[in-house]
Amino acid sequence: MRLPDGLVAVVKRDCPTCVLVEPVLRELGAAVWCQDDAGWFDGDDTALELSYRLGIETVPTLMRIEDGAETARVVGWSREQWEGLTGRSDLGADLPEHRPGCGSLSVDPDRIDALEARYGGSGLGSRRVELADLEDEHEAMYDRGWTDGLPVVPPTPERVLRMLRGTTRDPGDVVAVVPPDLVECTVEKVAVNAVMAGCLPEHLPVVLAALEAACTEEFALHGLLATTYFSGPMIVVNGPVAARIGMNSGVNALGQGNRANATIGRALQLVVRNVGGGRPGEIDRATLGNPGKFTSCFAEREGMSPFAPLAADRGVPGDAVTLFAGSGVQPVVDQLSRTPESLARTFAACLRVNGHPKLPMAFDAMLVVSPEHGRVFREAGWDRARLLAELEGLLTLSADELLRGAAGIAEGVPEGLAGAQLPKFRPGGLLVVHAGGDAGLFSAIVGGWVSGATGSAPVTREVRA
């Protein structure tokens, strides 16, 4: 947009200073553009294109244009500065010497994303999909297969740009290669799906870290999708970021009702679906699945925990996510144990049935210890390592009880293992975290998937801005 040479001003009628200097502007014969009243002056900038392109932050702004380029600028009203810019010495003799201006509509937080999308050359590379006038946008997205069965937020350019402000990473940076289609996924593509999931911009760094973890070789996302088993990615968040973005680690931590928990987990699942091609009935072959495949994400309750933060114990202190292939929640009830030894025996008895009571080293698990149960361990001085050591001993099983056909159950271990002592979990195959509300002598077991090299291993990654 080329401006005429001479004096150019940008104003809005809803600004006392702009109204104050109206006689001066008319006396100067300036080309005046108004942001909120197309009939006040000759220039109509109600679409705010001129203000956006000129970087107007305050009105009134008076500029001098020479050969189509700006050579001087004054914001607000200052008789001395206006006289210096115009070369006149008799401006606004009856006006105060100085009055501050008002904020430009082009920097209004409610408008800036739309203006950037419309005029700013946003650099967004994602394909634009135009919907017909009579199409319902939510039904259109469902019909195109972009949703998980629930409504999603339309990812308009304005919303995607706003989401991208949640990270310092370049929108074009490749975050991961997403299975099963092995598609390179950029920060922008993650932002698109985070918008659809309902995330806020401050959630985006956690989603990015979760995707990085999910797409590692050891997490084996492709296999997790293709298996007929129940499991899907579960995200555990550690560090100050959890409180900063309002995550829930307390009452109903594994359930509904918290925006950050719900949308971060959902965003990861939508990326897998929409970028990687992991759709149920296609690559996703789960016989039953579990509700966590909509979203499964919570923060560890680090305050008053008997344990160090999970991520820190896994070598990543501070803000971090740990990905686990969770298959669903199994309740653990123990309202009478008051010693760590007794409570550990309860946990061991419940953990033994993970997957199947006669299958050792077959499936990983996560033990979610509630605060009331955690207090028993904290007061006894048991940390995570001490509890895991106790559980390892309690869960070392006689193969003779696990043989195929034993107890009239065909499932079990081969006859060749008779006489052996077998651990229920492989080394590193049992995770222990602390979460939940203050009241309730209940904990939980989240079953995993096939353990070891043939399945999925938990992965921890730092959350970076």
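The legends below describe close-up views of a predicted model.

**View 1. The five-stranded open sheet and its strand order.** In this predicted model, five strands form an open sheet in the order β3-β2-β1-β5-β6, and the pairing within this sheet is mixed. Its edge strands are β3 (43-44) and β6 (69-75), each of which pairs on one side only. Strands of a sheet pair through backbone hydrogen bonds, in either the parallel or the antiparallel sense.

**View 2. Strand β2 and its pairing with strand β1.** Strand β1 (residues 6-11) and strand β2 (residues 31-34) are joined by four bridges and pair in the parallel sense. Within this pair, valine 11 has cysteine 34 of β2 standing opposite. The two faces of β2 can be told apart by their cover, since Val32 and Cys34 make up the covered face, whereas Ala31 and Trp33 make up the uncovered one. Cys34 therefore takes part in two of the descriptions given here, as a residue of the covered face of β2 and as the residue opposite valine 11.

**View 3. Strand β20 between its bridge partners β15 and β16.** Strand β20 (residues 442-450) is largely enclosed by the rest of the structure, because seven of its nine residues are buried. Strand β15 (residues 329-333) runs antiparallel to β20 and is joined to it by five bridges; within this pairing, proline 331 has alanine 444 of β20 as its bridge partner. Strand β16 (residues 363-369) likewise runs antiparallel to β20, and five bridges join these two strands, with methionine 366 standing opposite valine 446 of β20.

**View 4. Leucine 310 in helix α12 and its distance to valine 433.** Leucine 310 belongs to helix α12, which spans residues 310-313. This leucine 310 counts as buried because its relative accessibility is 2%, while the cut-off for a buried residue is under 20%. Although leucine 310 and valine 433 are 123 residues apart in sequence, their C-alpha atoms are 6.3 Å apart in space.

**View 5. A negative surface patch that includes aspartate 143.** Asp136, Glu137, Glu139 and Asp143 together form a negative patch on the surface. Among these residues, aspartate 143 lies in helix α5, which covers residues 137-143. With a relative accessibility of 62%, aspartate 143 counts as exposed, because the cut-off for an exposed residue is over 50%.

Key
Residues numbered from 1 in each chain as written. Predicted model: local features only at pLDDT ≥ 70, side-chain atom pairs only at ≥ 80, totals over all residues. Heavy atoms only, no water. Patch = residues over 30% accessible without salt bridge, like charges linked within 9 Å, V, L, I, M, F, W, Y side chains within 5 Å. Areas by Shrake-Rupley, 256 points an atom, 1.4 Å probe, with all protein chains shown as cover. Salt bridge = Lys/Arg side-chain N within 4 Å of Asp/Glu carboxyl O. Lys, Arg positive; Asp, Glu negative; His and termini not counted. Charge placed at Lys NZ, Arg CZ, Asp CG, Glu CD. Buried < 20%, exposed > 50% of the residue type's maximum accessible area, 1.4 Å probe, protein only. Pairing = 2+ DSSP bridges.
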